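Subject: Structure handover

Hello,

I am passing the structure on to you, with the sequence alongside. My notes on what was found in it follow below.

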Amino acid sequence: MIESGGTAVAPWPISLTVRRTARELVVKFDDGTTFALPARLLRAMTPSAEAHGHGGPDFAPVKVRDEVGLIEASAVGRYAVRLRFDDGHASGLYTWERLHRIGREAAALTARLDAL
């Protein structure tokens, strides 16, 4: 986190690359971190109310098929990205902070997903 005027500022993405063949999204942040996030993990971590219900836990993986692919990533304003998956899901908006957190916690989240 970067301090700006006494408040914490979340890392900002400087590039997003969809690697369709590898089934991943590579995100580089201005804090120097780079994450290669598997499509399966991103799909399981959708913030969509469709997957979690309204008021349900929003940072818990949901069960998804193993071979899910990522089709595209489209910026939504200056705060998030909409990911479109090959299973038709495209309703979750992933904020930059959420993508950074998924990257930081990828190993633990993947273990939780694998246990579903």
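A good place to start is the pair formed by strand β6 (residues 70-76) and strand β7 (residues 80-85), which run antiparallel and are joined over 6 bridges. Within this pair, Glu-72 of the chain has Arg-84 in β7 opposite it. The two strands make a hairpin, with 3 residues between β6 and β7. Gly-77 sits in the turn and has a positive phi of about 60°. Please keep in mind that this is a predicted model.

Now the chain as a whole. It has 116 residues, and 38% of them count as buried. There are 4 helices and 8 strands, and from the N terminus on they follow the order β-β-β-β-β-α-α-β-β-β-α-α. Of the contacts with a separation of 6 or more, 45% are between residues 24 or more positions apart. The accessible surface is about 6400 Å², and carbon and sulfur atoms account for 51% of that.

Next, the sheet. Three strands form an open sheet in the order β3-β4-β5, and the pairing is antiparallel. β3 (13-19) and β5 (34-38) are at the edges; each has a single partner strand, so one side of each has no neighbour in the sheet. From one strand to the next, the twist averages 15°. Between β4 (residues 24-29) and β5 there are 5 bridges, in the antiparallel sense. Glu-24 is placed opposite Pro-38 in β5.

A helix also belongs to this part of the picture. Helix α3 (residues 96-104) lies across β3, β4 and β5, and its direction makes an angle of about 85° with β5.

That leaves the last helix, α4 (residues 106-114). Which of its residues are buried? They include Ala-106, Leu-109 and Leu-113. Viewed down the axis of α4, its buried residues fall within an arc of 70°, so they line one face of the helix. What do these buried residues pack against? Their partners are α1 (39-44) and α3. On the other side of α4, Ala-107 and Asp-114 are exposed.

To link the last two parts: α3 lies across the strands β3, β4 and β5, and the buried residues of α4 pack against α3 as well as α1.

Regards

Technical notes:
Residues numbered from 1 in each chain as written. Predicted model: local features only at pLDDT ≥ 70, side-chain atom pairs only at ≥ 80, totals over all residues. Heavy atoms only, no water. Buried < 20%, exposed > 50% of the residue type's maximum accessible area, 1.4 Å probe, protein only. Contact = heavy atoms within 4.5 Å. Areas by Shrake-Rupley, 256 points an atom, 1.4 Å probe, with all protein chains shown as cover. Pairing = 2+ DSSP bridges. Axes fitted to C-alpha atoms, helices over the stretch in contact; angles between N-to-C directions. Arc of directions from axis to C-beta.
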